[in-house]
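Work through the exercises below with the model open beside you. Try each task before you read its solution.

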Amino acid sequence: MTKFTDLALSPKVLKAVEAAGYETPTPIQAGAIPPALEGRDVLGIAQTGTGKTASFTLPMIHMLARGRARARMPRSLVLCPTRELAAQVAENFDTYAANVKLTKALLIGGVSFKEQDLLIDRGVDVLIATPGRLLDHFERGKLLLTGVQIMVVDEADRMLDMGFIPDIERIFSLTPFTRQTFFFSATMAPEIERITNTFLSNPARIEVARQATASETIAQEVVMVKGGRRDSVAKAKRDVLRALITHEGDACTNAIVFCNRKVDVDIVAKSLKKHGIDAAPIHGDLDQSQRTKTLDSFREGGLKILVASDVAARGLDVPSVSHVFNYDVPSHSEDYVHRIGRTGRAGRDGKAIMICAPADVKNLDAIEKLVGKAVPRAENPLGSEPEAAEPAKEGKPKRTRTRKPKADKVEAEASAEPAENKAPEAKPEPEEAKSHGGRGRGRDNRNDNRNRTVGMGDHMPSFIAKSFDERKAS
Ligand code: AMP
């Protein structure tokens with residue numbers, strides 16, 4: 001078995017690795033570090049949790065230890081899809097470069113340009129950035145990319161999902177073509193393949209096993225809930241989620257709850273809190289200081305449950321999560337692999353429980369096809385009759401409940417969500433994208449069932465309801 005000491009890394013880097021407590025390189029590290037140190041381009045097909053960050057930071061630190069940065073001309077560049085991932089890469093540099101003098105700057109949204117400009121002006125060896133923010137600095141004339149000797153693209157498939165590929169291509173074209181490139185992606189979509197063919201030169205290709213097939217330490221389960229009206233199904237899912245968390249008891253030391261949509265992240269976090277479970281949301285619409293605070297508290301063990309969207313959680317390094325709860329079945333089956341990979345890390349035991357409504361069964365099928373086995377069905381902790389209403393019979397308007405028990409207030413708020421946010425087929429928004437779109441109609445505009453006119457649906461203009469007699473009279 002390869003040891004770190006076999007990898008031709010400098011003694012100073014090896015000392016930092018040892019201090020971090022690592023002896024044996026992970027497969028991506030053993031595969032990527034030697035060609036990287038030889039100056040070759042590297043194409044790493046690996047996802048978070050495999051140790052991929054160290055597979056590029058260690059050789060970079062080794063190679064950048066000699067030489068000095070010039071003002072506004074970073075010597076290396078690491079591109080990450082999200083601020084959290086960028087911050088995490090920066091932490092890795094801090095850990096592994098403890099014995100080497102290297103300067104670095106982090107260019108991410110939510111931090112003032114002024115502070116970042118100051119750092120860049122002084123000259124940095126390592127610049128870690130999200131693509132949009134990097135280009136903002138470049139366009140303001142504050143940054144030159146012609147001194148970049150090493151460029152890293154991390155989580156390229158996520159960049160693709162978030163629409164960053166044109167930015168990445170532009171950034172590639174702004175750096176010298178003699179640069180060394182390290183490129184990481186969990187999957188090789190055709191668009192990613194095209195980019196690597198265009199911008200990488202004869203790369204060493206290292207592919208590591210997918211987590212879902214590799215990690216046998218994750219116990220997986222799925223709990224089925226009954227179908228019905230969307231708001232009833234959503235409520236039933238929240239009830240089941242709470243029951244599952246309670247049922248896991250002390251075994252659930254900390255957990256990530258994944259939702260497909262940002263709006264549900266907020267609702268679920270609020271609902272858990274309302275019922276006395278320590279939870280907080282994280283998604284791209286929350287401001288950066290809030291996100292950082294929530295994450296820090298989760299990492300430090302202050303917060304028990306993090307409710308997250310896929311993009312916000314992607315690449316987050318939280319080493320000891322006991323449970324992952326999938327409040328929704330992810331619509332992209334690869335996301336299931338990423339989500340459950342947050343638990344059972346580094347050989348630890350982990351548990352991943354998913355909630356599945358009838359509308360999600362087709363997505364569950366796709367996941368089972370991808371992971372190559374059935375996800376074991378677990379009993380619904382609330383019994384076989386979760387509180388979901390029967391599907392509405394066609395043509396019959398549903399009776400609405402007029403009185404709600406007090407504890408259901410959050411659920412009531414949840415059902416007041418705009419209609420477009422509730423569609424199960426609605427695609428999750430890219431995390432950094434702005435608004436949720438237009439708001440739905442408010443309660444006041446809803447027509448009372450008693451005044452319903454057949455064929456007008458909910459949008460009956462008020463004049464239609466006026467009686468002819470009334471018109472005559474006026
Ligand atoms: P990453 O895939 O880069 O997000 O890393 C996942 C986790 O593995 C992080 O917590 C790292 O600190 C940890 N790690 C990185 N390299 C090693 C190693 N050689 N042995 C054990 N854990 C590692």
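A cavity is a set of grid points where a 1.4 Å probe fits but cannot get out. Its volume is the space filled by probe spheres set on those points. Keep in mind that this is a predicted model.

**Exercise 1. Cavities**

Task: State how many cavities of 30 Å³ or more are counted, then describe the second largest cavity.

Solution.
- Step 1. Start with the general idea: rolling a probe the size of a water molecule over the atoms shows where empty space is left.
- Step 2. Take the count: there are two cavities of 30 Å³ or more.
- Step 3. Take the volume: the second largest cavity holds about 40 Å³.
- Step 4. Find the lining. It includes Ala46, Gln47, Thr48 and Lys52, as well as Asp154, Glu155 and Asp157. Phe184, Ser185, Ala186 and His338 also line this cavity.
- Step 5. Sort the lining residues: three are nonpolar, four polar and four charged.

**Exercise 2. The sheet that contains S1**

Task: Give the strand order of the sheet that contains S1, and find its edges.

Solution.
- Step 1. Read the order: the seven strands run S3-S4-S2-S5-S6-S1-S7 in an open sheet, with parallel pairing.
- Step 2. Look at the ends. Strand S3 (104–107) and strand S7 (204–207) each have a single partner strand, so one side of each lacks a neighbour in the sheet.
- Step 3. Add the twist: it averages 10° from one strand to the next.
- Step 4. Check one pair. Strand S1 (residues 42–45) runs parallel to strand S6 (residues 180–185), and four bridges join them. Gly44 has Phe184 of S6 as its bridge partner. Phe184 also appeared in the lining of the second largest cavity.
- Step 5. Place a helix. Helix H3 (residues 52–64) lies across strand S2 (76–79), strand S4 (126–129), strand S5 (150–153) and S6. H3 runs at about 170° to S6.

**Exercise 3. The sheet that contains S9**

Task: Which strands stand at the edges of the sheet that contains S9?

Solution.
- Step 1. Read the order: S10-S11-S9-S12-S13-S8-S14, an open sheet of seven strands with parallel pairing.
- Step 2. Name the edges: strand S10 (279–282) and strand S14 (377–378) each pair on one side only.
- Step 3. Check one pair. Strand S9 (residues 255–258) and strand S12 (residues 323–326) pair in the parallel sense over four bridges. Val257 stands opposite Phe325 in S12.

**Exercise 4. Two helix pairs**

Task: Are H8 and H9 roughly parallel or roughly perpendicular? Then treat H5 and H6 in the same way.

Solution.
- Step 1. Take the angle: helix H8 (residues 165–174) and helix H9 (residues 190–199) pack at about 5°, with axes 12 Å apart.
- Step 2. Classify it: H8 is therefore roughly parallel to H9.
- Step 3. List the contact: Ile165, Glu169 and Phe172 of H8 meet Glu191, Arg194, Ile195 and Phe199 of H9. Four of these residues are nonpolar, none is polar and three are charged.
- Step 4. Move on: the axes of helix H5 (residues 113–122) and helix H6 (residues 131–139) come within 12 Å and cross at roughly 70°.
- Step 5. Classify again: H5 and H6 are therefore roughly perpendicular to each other.
- Step 6. List the contact: Phe113, Gln116, Asp117 and Ile120 of H5 meet Arg133, Asp136 and His137 of H6. Two are nonpolar, two polar and three charged.

Definitions and conventions. Residues numbered from 1 in each chain as written. Predicted model: local features only at pLDDT ≥ 70, side-chain atom pairs only at ≥ 80, totals over all residues. Heavy atoms only, no water. Axes fitted to C-alpha atoms, helices over the stretch in contact; angles between N-to-C directions. Parallel < 35°, antiparallel > 145°, perpendicular 65-115°, else oblique. Contact = heavy atoms within 4.5 Å. Nonpolar A, V, L, I, M, F, W, Y, C, P; charged D, E, K, R; others polar. 1 Å grid on protein atoms, 1.4 Å probe; cavity = no way out; pocket = protein on both sides within 12 Å on 5 of 7 lines; lining within 4 Å. Pairing = 2+ DSSP bridges.
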